[in-house]
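Thanks, everyone. Let me walk you through one chain today. Please have a look at it first.

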Amino acid sequence: MTTVTKAKPAPAPTQAFENAAAQAKEQVEGFVKAGQEQAAKTFEQTASATKEQVEKLSSQLLKISAELQALNKANVEALIQSGSIATQGAEELTREVTAYAQASFDKSVTTGKALLTAKSLKEVVDLQSEYVKASFDAFVAESSRLQGIGTRVATAALTPLKDRVSVTVSTLSKPIAA
């Protein structure tokens, strides 16, 4: 006897369409899921890199801030030192000018007394001429001496500032470390 096997009937067209739609849906969901996972991974990498850069930049800014604070402190100390030197120099110049004025006054008093005791007009003229010449010579010598003191004091007072300008320019000219 022969048995006849019946062939399975072909799926209905709607069934094939539903199967294809289900496969397409699975594929789309797989793509969406893979895209979401990749986006999350990229976001995490970007967030991590950004956090590292912010931490690095914050560290650099703190370091720069500390360096600038130390630089400014040293600059203020140099300014104070320069002012102190200038003040001491002004005191020295004041003492020297006062001593010169006192010596000049004493010399004029001595000359005045000598003029009052002069016995002749020639003696008065000679005393007066000697006084003027001596006063002029003393004035020129004292002016040169005071100029030397002034130059020495100015140089000494400006040295700390000049040194700080060099350090400041050098420090501020350096590129920021990456």
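**Contacts and overall form**

Start with contacts. In the protein chain, take the contacts with a separation of 6 or more: 84% of them are between residues 24 or more positions apart. Keep in mind that this is a predicted model.

Now the elements. The chain has two helices and zero strands. The radius of gyration is 49 Å, and the globule rule gives 16 Å for 178 residues, so the chain is more spread out than a compact globule. Along the principal axes, the C-alpha trace spans about 185 × 20 × 20 Å.

How much of the chain is buried? Of its 178 residues, 10% count as buried. The accessible surface comes to about 14200 Å². Carbon and sulfur atoms hold 64% of that surface.

On to helix 2. It runs over residues 121–173, which is 53 residues. From first C-alpha to last, helix 2 reaches 75 Å. That is close to the 78 Å expected at 1.5 Å a residue.

Where does helix 2 kink? At T159, by about 35°. The proline P160 follows shortly after.

P160 is also one of the buried residues of helix 2. The others on that list are Y131, E142, L146, I149, V153, A157, R164 and T168. What covers them? The cover includes helix 1, residues 13–116.

Now one residue in helix 1: L62. Is L62 buried or exposed? Its relative accessibility is 63%, and the cut-off for exposed is over 50%, so L62 counts as exposed. Compare its position with Y131, which is buried in helix 2. L62 and Y131 are 69 residues apart in sequence. In space, C-alpha to C-alpha, they are 70 Å apart.

Last, the annotations. Both come from an unreviewed UniProt entry. The record gives a "coiled-coil region" over residues 40–74. In the model, that span is 100% helix and 0% strand. Its end C-alpha atoms lie 51 Å apart.

The record also gives "domain: Phasin", over residues 67–165. That span is 96% helix and 0% strand. How far apart are its end C-alpha atoms? They lie 15 Å apart.

To wrap up: two helices, zero strands, and a kink at T159 in helix 2. Thank you.

How values were computed
Residues are numbered from 1 along each chain as its sequence is written. This is a predicted model: local features need pLDDT of at least 70, side-chain atom pairs count only at pLDDT 80 or more; totals for chains, interfaces and linings use all residues. Side-chain values use heavy atoms; hydrogens and water are left out. UniProt positions are given in the numbering used here, feature names are shortened, and annotations may be inferred rather than shown by experiment. Helices (H or I, at least four residues) and strands (E, at least two) are DSSP runs, numbered from the N terminus. The expected span of a helix is 1.5 Å times one less than its number of residues. The bend at a residue is the angle between axes fitted to the seven residues ending there and the seven starting there. Buried means under 20% relative accessible area, exposed over 50%, partly exposed in between (1.4 Å probe, protein chains only). Contact means heavy atoms within 4.5 Å. The radius of gyration is taken over C-alpha atoms; the globule rule is 2.2 Å times the number of residues to the power 0.38. Accessible areas come from the Shrake-Rupley method with a 1.4 Å probe; for residues, only the protein chains shown count as cover.
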